[in-house]
Amino acid sequence: MSESRNAYIDAFPAEAKVVRAAFYSSFLALALGGVFGIIQTLHRTDVFRFIDSTDYYTVLTAHGVFLVISFTIFFLVGIFTWAITTSLDRSVKDIRFTWGWYSLMAIGITLTGVAILAGFTDSIDMSADVLFTFYAPLQGHPLFYIGLVLFIVGTWLAGADWFRTWWAWKQENPDERIPLPTFMVLTTMLMWYIATLGVAASVLLFLLPWSLGLIETVNPLLTRTLFWFFGHPIVYFWLMPAYMMWYIMLPKVSGGKLFSDPLARVVFVLFLILSVPTGIHHQYLDPGIAEGFKFIAMTNTMFLLLPSLLTAFTVVASMEHGARQRGGEGYFGWLKALPWRDPVFTGMALAGLMFAAAGFSGMINAGMNINYLVHNTFWVVGHFHLTVGTAVALTFMAVTYWFLPQVTGKALWNRSVALGQVVLWFLGMTFMSNAMHRGGLLGIPRRTAEPQYDGFEFEASVGSVAELDAQIALGGILLTLSLVLFFANVIGTALNGRSDTLPDNSYAETLSGPEDAPKVLDNLKLWTIIAIILVIFAYTFPLLSIIDRGGLFGPDINPFPVSIETIPMLAMALEGYTTAAVASAGEFAQATLLGVIR
Amino acid sequence: MNIHTYEKLWLIAAMVLIVGFIATITYGSVALGITMVGDQEDTIEPRELSEDDRFGEPRVEQVGENEYEAYVVARTFMFQPDPIEIPENSEVTFYVTARDVIHSFSVAGTNINTMAIPGEIATMTAEFDEPGEYGIVCNEYCGSGHHNMEGELHVLPEDEFDLTELSVEADDEVALEDDDEVTLEIAVENGQLEDLETTIEAEIGDETFTEDVTVEGDSTYETTVSVDAADLGEGDHDWSVTVDDYEESGTVTVVDQLEDDGGDDDE
Ligand code: HEM
Ligand SMILES: [Cu+2]
Ligand SMILES: [Cu+2]
């Protein structure tokens, strides 16, 4: 090991391996998701169809699950592990435990993936064409739910790992403020623990037993509501690592410092307390939930704009500070002084810009009674390709160009390709998302293999549906090219030799540091309690009323399609997997993963 | 806490924006009366829809001078009734439920959009001032045929709209030996609230009948026409009944004697 180099892998070689494994898992999911993405884009726009329309929903389930469950969350656990160890400047308590949760997540998502992909072939009697929302009475194969459970339990253990490491640090540094990156990790995880209770209840109490045939029926509105209890905050689970990057990496790559540490803490606290009691805004048009509950969710949602607006300020202010450090001048002239040739910077800046656009379409979605116009139309798909599909995904790809050398010890393969990649993503998404938004306003539905109907046509006031389709297809192709460039860089870097000239492992300093932040901000117990109270306030009555109306197990209806699987076979499978997970998690991880990665 | 002046201004602007949004939405709800799909209706057993008063026979019903109610069932992979027909200048309340899985009922390009959840009934009221045709789509994924799930909503000019229903019951076979008659039992249902002035025209073989009738609002007028089987003679005879644009027709066979006596009352 060279003395002069001080990359992450040099300080934390063991953790760097886990982070690397998490990144590679994440990228694998991104690659798969991307392939499915372009297939469905070309299919629904009727540009090129080579699958059966009934298989479209298998493709869409895979696209959704691989991208928003595995791609995002594997990346998150990677950078959260980096953030904890770097900012506390200490190793995780027990690296075997770290490999344990990583393996559990990997096994879980593999099972879920197998259940989904088996839907492509009739020779295996298994499918889970239920999309990532798995609304009952649509029923997936039990393996689909089992995999999800293991994956989520893996994330719980990951959180435990980070908390443990922080507690150990706190013993030794009783009087110090929680370092900002650690603070962000911990608040995000607290939010996640609360949020995942919803999906855990939905899957463990209802959907899994039901798919195994242990209970006959479920209440579709109840499981759906529990899903959105989790489904909205998961949005912030994707977004928080991106925000973290905007707070602690973007100022640094801009050449300056973070504008305000206290405000950053306020933002994360607001996300902790407001993320969950808003989920009902996905159910504005659901019968069976009183208007008053929807109104409460609406106001909470609007207040949830606050932390994002504050973030916009801090991000721009920090960039400006950086630009001025680099000699930038004038009202807008400083923009020219920013490091636009740096893919890490440009990727994040473009991601932030797109997020601002997404803010506008998001306000329309959030506007309870305006929502009628856009609910479940293609507009929504346009919206979240700006949020998770760009603000998050593009930020992740951009910071990869910084992280990859840090965790591999190898120089980035090609910076120009990287720059081209982030710009291409931005262009592709501009075309695709804009046309999706416009299509949605015409009433074109989402999640539909053939939005071309026999009895009527959608009427465009400007342009035509054919023109929208062409833009969507063009956007999709540019995005796919962008992904190809991204993987060229990932693979090229992995094949590179060791580099002696890597930048140091560090993150942004602050202009106004933690000493300016009131101590109460670090009182995680307090914020957790407030968060729980708000959740109880927002959800107790809706849930009770849903159960009161429809019963805990709902009306008498058949699952769809009926699962043909027999229980004994599943019990066996379940047993096998648990053994694999528990007994050999350690060796499994060490042997296979390290082997593969090296 | 040390907050920069610009930051304070931004914070205030952000709060104003948020409160402004909430106020806008509240204005929409309270002043403009845009209500949300809610929990106004009781739950319903999806298995028992066919016995239900409203959903057993999905249809449009008139409930006030220009007020209508539409009972709609969404099921894999269709809407009932299809098309939904309503007159212009009307206010229509839709009651939508699902029979099997979650669907949606969304009239393309309009604000009429709701989830259809098994066990729950969604209600929405909308006004239709102009005649026109709309597509209805299901925008909630409901299974492998989801993309085939479509329907139509026709807003008809007032003079083309009615809720008249004509039904006729007639025998298939009539025997000469019993001195039987060929009988058409005619029912004209007027689903609208105003009286319906119309003419019933019936034809059996070469015989014709005409009757001017007034069917009262929300009621059914019943009448019978008959001809002696002997007058028609052995063989097949066509019959038809027309009321406005509606027509029912069929064939009756006059035979010498019936083969089995139970089959007397076939439809
Ligand atoms: C090559 C890039 C991509 C393309 C071409 C693409 C294309 C599409 C299209 C056309 C749909 C709509 C399908 C429909 O509603 O019928 C869709 C849905 C979706 N996409 Fe993407 N996408 C891409 C990348 C991403 C990324 C990076 C993410 C998130 C990280 C993402 C997340 C989603 C999600 C969550 C859905 C909704 C799935 C559902 O409705 O169940 N996509 N994508
Ligand atoms: Cu949401
Ligand atoms: Cu559908």
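**Copper site.** I looked up the copper ion (ligand 3) in this predicted model. Four residues of chain B coordinate the ion: Cys138(B) through SG, Glu140(B) through O, Cys142(B) through SG and His146(B) through ND1. The distances run from 2.1 to 2.6 Å. I noted the spacing of these donors along the chain as C-x1-E-x1-C-x3-H.

I then checked the geometry. The angles among the four donor atoms span 81 to 129°. A tetrahedral site needs all angles between 85 and 135 degrees, and the site of the copper ion (ligand 3) is entered as irregular. For reference, the ideal angle for four tetrahedral donors is 109.5 degrees.

Next I asked whether two of the donor residues are buried or exposed. Glu140(B) is buried, at 2% relative accessible area. Cys142(B) is buried as well, at 0%.

**From the copper site to chain A.** I followed Glu140(B) further, and found its side chain in a salt bridge with Arg447(A), at 3.3 Å from N to O. Arg447(A) sits in the loop between helix 16 (415–441) and helix 17 (465–495) of chain A, and Glu140(B) in the loop between strand 9 (132–137) and strand 10 (150–156) of chain B, so this pair joins two chains. Arg447(A) is buried, with a relative accessible area of 8%. I recall that side chains of opposite charge can pair when their charged atoms come close.

**A second pair between chains.** I looked up Arg47(B) and found a salt bridge to Asp556(A), at 3.1 Å from N to O. This pair too crosses between chains: Arg47(B) is in the loop between helix 1 (5–30) and strand 1 (59–64) of chain B, and Asp556(A) is in the loop between helix 18 (524–550) and helix 19 (567–597) of chain A. Arg47(B) is partly exposed at 41% relative accessibility. Asp556(A) is partly exposed at 38%.

**A pair within one helix.** In chain A, I checked Arg324(A), which forms a salt bridge with Glu320(A); their closest N and O atoms are 2.6 Å apart. Both residues belong to helix 12 (residues 305–325), four residues apart, or about one turn of the helix. Arg324(A) counts as partly exposed at 34% relative accessibility, and Glu320(A) counts as partly exposed at 25%.

**Network and total.** Which residues did I find linked in a network of salt bridges? They are Arg177(A), Asp261(A), Arg265(A) and Asp522(A). Over all chains, I recorded 19 salt bridges in the structure.

Key. Residues numbered from 1 in each chain as written. Chains lettered and ligands numbered in written order. Predicted model: local features only at pLDDT ≥ 70, side-chain atom pairs only at ≥ 80, totals over all residues. Heavy atoms only, no water. Donors = N, O, S within 2.8 Å, 3.2 Å for Na, K, Ca; no water. Tetrahedral: all angles 85-135°; square planar, octahedral: opposite > 155°, others 65-115°. Buried < 20%, exposed > 50% of the residue type's maximum accessible area, 1.4 Å probe, protein only. Salt bridge = Lys/Arg side-chain N within 4 Å of Asp/Glu carboxyl O.
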